[in-house]
Amino acid sequence: MQLSYCSYLLQFRHPFGVSSNTRLSTLSVFIQLQINNFIGYGEACLPFYLGENEKETIEFFEQAKPLLVPLTTSFDLNDVIQKIDHLSLKHNAAKAAIDMALHEVYGKIHSQTLSQIYHFKEAGPTLTSHTIGIDSEEKLVKKIEEANDFSILKIKAGTTNDKALIETIRRFTNKPLYVDVNQGWTDKHFVLEMLHWMKEQGVILVEQAMPVSQKADMQWVTERSPIPTIADESVKRLSDLKELNGAYSGINIKLMKCTGIVEALKMINYCKQNNIQIMLGCMAESSCATGAMAQLTGFADYVDLDAPLLYTNDPFASVSYKNGKILIPMVNGVGAEPITKLFD
Ligand code: MG
């Protein structure tokens, strides 16, 4: 198997603001794995707050090479992914890139879609929320108009005046809202009061209301909350999920956090067995990665897979959107094909 990689800057259509920062572009490193004529692509997206950078990601790909290069078309998918995972305790995005590229190659070799590989029902078109970043009122209005096709909006909150933000949005739309606080609130009594107020405002759920370190406070809040509380930064992998202890009603699973499809399926299985709600989400990543996750939407209570809509230069066309739903191509593997030449 041959492995190649290249770095790529995804340009945001609008400056992308969350509670801690605003960005104009975001870096991904794409990989290509090839055996004979079977080619698979994967993506490691590297927002600075994840703590993974370009240099370390490429070093990890080089570290993984001795495991990948000898593979032939009869490779054991789960065995390889497990060995790659054991190379390091971190590099989750790099592992996710390898995981999705391996699934693509494996699916092509065996003429199987992802749902056929794992024996689950194929996901049809699924409603997804569309994210509105923190912005001025004028720009918020423009973004709400642009999201006209979408029936659920996800609002980035966590500022000092979130009530005013929601009230502004409510002047322009009555659509149900997901609110992502990105760890922005710290007082549990304030959080509970906000959750009650948000319910009155038609908010369906609130994501990562408090910092990761305030797990006990979140447990107190979740026990009393009138709407689901969803963990994002608090849960990366299955091991974090097992430590949740009721601190949240559900979790947001993202490939970049959890190391890929194999781990995501384990987390989904754990959630189903333990009555934990499932949101499938994405980072600021291209449709290469989002398309892979979109294959799993049949398992989700909430789908938040809109990242490919955020850019002017997505080099893949792995998903499309119609009437607020995400559509995936029914092809072997995960369906990631570049529309821009990335590799020689
Ligand atoms: Mg989030």
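In this predicted model, E207 and D232 are both buried. These two residues also serve the magnesium ion, whose protein donors are D180 (OD), E207 (OE) and D232 (OD), lying 2.1 to 2.2 Å from the metal. Along the sequence the donor residues follow the spacing D-x26-E-x24-D. Because E207 belongs to strand β8 (residues 203–207) while D232 sits in the loop between β9 (229–231) and α9 (238–242), the pair ties together parts that are 25 residues apart in sequence.

The remaining donor, D180, leads to strand β7 (residues 177–180), which is covered on both faces, with L177 and V179 buried on one side and Y178 and D180 buried on the other. In a regular strand the side chains alternate between the two faces of the sheet.

Strand β7 is paired with β6 (residues 153–156) and with β8, as the table sets out.

| Strand pair | Bridges | Direction | Residues opposite each other |
|---|---|---|---|
| β6 and β7 | 4 bridges | parallel | L153 and L177 |
| β7 and β8 | 4 bridges | parallel | L177 and V203 |

The connections between these strands run through helices. From β6 the chain passes through helix α6 (residues 162–170) to reach β7, in a β-α-β crossover that is right-handed. From β7 the chain continues through helix α7 (residues 188–200) to β8, and this β-α-β crossover is likewise right-handed.

Taken with the metal site, strand β7 holds the buried D180, a donor of the magnesium ion, and strand β8 contains E207, which is buried and is also one of the donors.

How values were computed: Residues numbered from 1 in each chain as written. Predicted model: local features only at pLDDT ≥ 70, side-chain atom pairs only at ≥ 80, totals over all residues. Heavy atoms only, no water. Donors = N, O, S within 2.8 Å, 3.2 Å for Na, K, Ca; no water. Helix = DSSP H or I, 4+ residues; strand = E, 2+ residues; numbered from the N terminus. Buried < 20%, exposed > 50% of the residue type's maximum accessible area, 1.4 Å probe, protein only. Pairing = 2+ DSSP bridges. Right-handed = clockwise from strand over helix to strand, strands pointing away.
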